[in-house]
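Here are some exercises to work through with the model open in your viewer. Try each one before you read its solution.

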Amino acid sequence: MDTKVTLNPTPVPLLDLSRQLGPLHDEIMAAISRVVQSGQFVLGPDVDEFEAAIADYCQTKHAIGCASGSESLLLALMAADIGPGDEVIVPSYTFFATASAVTRLGAKVVFVDIEPTTFNLDPREVAKAITPQTKAIIPVHLYGQCAEMDAICQIGREHSLMIVEDAAQAIGAEYKGRRAGSIGDIGCFSFYPTKNLGAAGDAGMLTTNSDQLAERLALLRGHGMQPRYHHQLVGINSRIDSIQAAVLNIKLRYLDASTRQRTDNAIRYGELFAAAGLSTALSLPQEVTSGRHVWNQYVIRIPSGQRDSLRQQLTENRIGTEIYYPVPLHLQACFADQGYGPGSMPRSETAARETLALPIFPELTDEEQRSVIGCIGQFFQATRQAA
Ligand SMILES: *Cc1c(COP(=O)(O)O)cnc(C)c1O
């Protein structure tokens, strides 16, 4: 292949949704218009169709729509009857919502360190964190790659724990041939616009193979009401809007193609980094052989303490990047009373200092990727010369 890198970088956005939405604009507007004309704005036929399509896509018996990924996590724990006195194990390196769902229910969130290669929950650390109060584990499939589910589910079976998969970044990801969200007891998905399957606003989904959990989840998302004004459970209002379902039904048809584009972009980054001689200055994301990575994020590590200055140089050249996540959850101000100090989760803390997400969205061009690599190459060349 041609591995020439660009020296005068062209600007590259971290994410450009307009490139995906442009060609779908008329189709999406027609669907929204149809929902407006129907007057059915909450649940209804578009939601039924979307739930059936997601159950099929995720290889589960049931899929239950809700208002967001954050609330899917909350509903999953409510369905598992998690409350005060219970402990739930969560990786310390994830988005805030994974942990806040636990705290919101009055239960104790127990943070556990990650595996440095995948950034996912380390099953050995999970085993050490089990107590008689442990009720559930929430493995997160971070950046689009599944956690070590065999080992985690094995621990779950030994201690009769609920396994709730946070698959917000991982729709379509696979672990040993099984889809994310179909492996644990409940799968949680987000359709926030930056996810691989993004809505025109907030939306979420729960997947499960259990008839009993599906029934509870469907009740809990609608105030536990069945029939109207008769409340079987104390639930919440977390339904999915028909407009979101109508938009998502259209976008789901393009998900496999856009996941292939993300994968192609990841492969091309690997080739370009190698050709630019940068494979030792930084470490590239590692794909485990047991699964299918869906590349919601392409996250490199810069182990030399230069992450922030590299990021600044990229920003000055109008190349979008992000840090997922700069502060591990056990060190967040709101969890200070839990008593985890600096040094208690060393691998999460190192990740927070070293990770940098590069643009990986499906429509990213070859020229844009060369621009990203060129700018990173210039940075390391300049720092070598200065040294
Ligand atoms: C996005 C995300 C969520 C929350 O989803 P929302 O739809 O934004 O509420 C939860 N967990 C992870 C890992 C996420 O990336």
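**Exercise 1.** Is Phe335 buried or exposed, and which kind of aromatic pair does Phe335 form with Phe96?

*Solution.* Start with accessibility: Phe335 has a relative accessible area of 3%, so Phe335 is buried (buried means under 20% relative accessible area, exposed over 50%, partly exposed in between, with a 1.4 Å probe and protein chains only). Keep in mind that this is a predicted model, where local features need pLDDT of at least 70, side-chain atom pairs count only at pLDDT 80 or more, and totals for chains, interfaces and linings use all residues. Residues are numbered from 1 along each chain as its sequence is written, and side-chain values use heavy atoms, with hydrogens and water left out.

Next, the partner: Phe96 comes out at 37% relative accessibility and counts as partly exposed.

Now the geometry. A search of the whole structure gives 13 aromatic pairs (rings of Phe, Tyr and Trp, the last by its six-membered ring, pair if their centres lie within 6.5 Å; planes under 30 degrees apart are stacked, over 60 edge-to-face, the rest tilted). Phe96 and Phe335 form a tilted pair, with 5.9 Å centre to centre and 35° between the planes.

Last, place it in the chain. Phe96 is in the loop between strand E2 (87–91) and H4, and Phe335 is in the loop between helix H10 (307–316) and helix H11 (346–354), so the pair ties together parts 239 residues apart in sequence. Helices (H or I, at least four residues) and strands (E, at least two) are DSSP runs, numbered from the N terminus.

**Exercise 2.** How are the rings of Phe379 and Phe380 arranged?

*Solution.* The ring centres of Phe379 and Phe380 are 5.2 Å apart and the planes stand at 85°, so this pair is edge-to-face. Then check burial: Phe379 has a relative accessible area of 5% and is buried, and Phe380 is buried too, at 4%.

**Exercise 3.** Where are the buried residues of helix H6 around its axis, and what do they pack against?

*Solution.* First list them: in H6 (residues 149–158), Met149, Ile152, Cys153, Ile155 and Gly156 are buried. They cover an arc of only 155° around the axis, which puts them on the same side of H6 (the arc is that of the directions from the helix axis to the C-beta atoms). The background is textbook: an α-helix has 3.6 residues a turn, so residues three or four places apart point the same way.

Flip to the other side of H6, and Arg157 and Glu158 are exposed.

Then collect the contacts (heavy atoms within 4.5 Å). The buried residues of H6 pack against helix H5 (123–129), strand E4 (134–137), strand E5 (162–166) and strand E6 (174–175).

One step past the helix, Ser160 takes a positive phi of about 50°.

**Exercise 4.** Which residues does Ala147 touch?

*Solution.* Locate Ala147 in the loop between E4 and H6. With a relative accessible area of 1%, Ala147 is buried. Leaving out residues up to four places away in sequence, Ala147 touches Asn120, Pro139, Val140, His141, Ile152 and Tyr175. Among these, Ile152 is also one of the buried residues of H6.

**Exercise 5.** What lines the largest pocket, and what lines the second largest cavity?

*Solution.* Get the terms straight: on a 1 Å grid over the protein atoms alone, a cavity is a set of points where a 1.4 Å probe fits but cannot get out, while a pocket is an open set with protein on both sides within 12 Å along at least five of seven lines; lining residues have an atom within 4 Å of a point.

The largest pocket has a volume of about 430 Å³. Of its 22 lining residues, Phe95, Ser190, Tyr192, Lys195 and Tyr325 are the closest to the centre. Helix H3 (69–79) and helix H4 (97–104) are the elements that give two or more residues to this lining, and H3 gives the most, with 3 residues.

Now the cavities: the search finds 2 of 30 Å³ or more. The second largest has a volume of about 80 Å³, and its lining includes Thr117, Phe119, Tyr143 and Trp295.

To finish, connect the two sites. Tyr93, Phe95, Phe119, Tyr143, Tyr324 and Tyr325 form one aromatic cluster; Phe95 and Tyr325 are in the pocket lining, and Phe119 and Tyr143 are in the cavity lining.

Notes
Points joined across faces, edges and corners; volume = space filled by probe spheres on them.
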